[in-house]
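Here are a few notes to go with your reading of this one. Have the viewer open and follow along point by point.

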Amino acid sequence: MSRPPSTRGARKPPAERSAEITDAARALALESGLAAVTLRALAQRVGVTPALIAHYEPSMDALVARTFGDIVAGELAEIVVLTDALTPRERLKLLVQTVSDGSRTDVTVVWVDAWALGRRNEQLAASVREQMDAWQGVLQATFTAGARAGDFSAADPAQLAWLVLGLIDGLNAQSLVRWGGASDRGDLVARTIAVLVGLPADALS
């Protein structure tokens, strides 16, 4: 009995193949981190030869940088949509809960890999700086709006935003080796930020 011909590596239109490689890189990064996005792993995931991957993506550094940017920018855009119509205090509370509830471990792994790999991949490092600035901008805008509305205090919204971003990033990175539980970590983040903006310690919990 004859078998149907295999479709593995079948010829596809360039746009479709390129999108397939992009999707595969994103999936690998979210499953196993940016370090897993290699030529060989992509070829295996897509079902083609490494040479074909290299034809579409001649620079793996560029692909890794783009993959990181797409994942992180997508997460931030999602959070902005969730918090956009809220008051500054409500926005801050939901933002803190969203980024520290333990549901985004896959993105945390991508961030941690990016900080490490960015030392040897300048394109990735540039993307990391861009996305850190974007996150800081969202936090700074929230602190500025909150101070103007009298919801909380923020003498220097820009510096406060960097401090809070470092707190969130650091505790989320520690969570990868299971420091505490998500609820403990989230409560610590919420209480610390509440105190920093002059609110009662339980105001953001």
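1. A word on terms before we start: helices and strands here are DSSP runs, with at least four residues for a helix and at least two for a strand, numbered from the N terminus. Keep in mind too that this is a predicted model.

2. Start with residues 38-57, which UniProt lists as "DNA-binding region" in an unreviewed entry. The span is 75% helix and 0% strand, and its end C-alpha atoms sit 11 Å apart.

3. Next, look at how helix 4 (residues 60-83) packs with helix 5 (residues 88-99): the angle is about 145° and the axes are 10 Å apart. Their crossing is right-handed. On the helix 4 side you'll find Ile79, Leu82 and Thr83, which meet Arg91, Leu94, Leu95, Thr98 and Val99 of helix 5. Sorted by class, that contact has five nonpolar, two polar and one charged residue.

4. Now for the holes. There are two cavities of 30 Å³ or more, and the largest holds about 210 Å³ of space. Which residues lie nearest its centre? They are Glu75, Trp111, Ile168, Asp169 and Asn172, out of 13 that line it. Helix 6 gives the largest share of this lining, five residues. By class, the lining has eight nonpolar, two polar and three charged residues.

5. The second largest cavity has a volume of about 50 Å³. Its lining includes Thr98, Val99, Asn172 and Arg185, with helix 5, helix 6 and helix 8 each supplying at least two residues. Here the classes come out as one nonpolar, eight polar and three charged.

Key. Residues are numbered from 1 along each chain as its sequence is written. This is a predicted model: local features need pLDDT of at least 70, side-chain atom pairs count only at pLDDT 80 or more; totals for chains, interfaces and linings use all residues. Side-chain values use heavy atoms; hydrogens and water are left out. UniProt positions are given in the numbering used here, feature names are shortened, and annotations may be inferred rather than shown by experiment. Axes are lines fitted to C-alpha atoms, for helices over the stretch in contact, and angles run from 0 to 180 degrees between N-to-C directions. A crossing is left-handed if the near helix is turned anticlockwise from the far one by less than a right angle, and right-handed if clockwise. Contact means heavy atoms within 4.5 Å. Ala, Val, Leu, Ile, Met, Phe, Trp, Tyr, Cys and Pro count as nonpolar, Asp, Glu, Lys and Arg as charged, and the others, Gly among them, as polar. On a 1 Å grid over the protein atoms alone, a cavity is a set of points where a 1.4 Å probe fits but cannot get out, and a pocket is an open set with protein on both sides within 12 Å along at least five of seven lines; lining residues have an atom within 4 Å of a point. Grid points are joined across faces, edges and corners, and a volume is the space filled by probe spheres set on the points.
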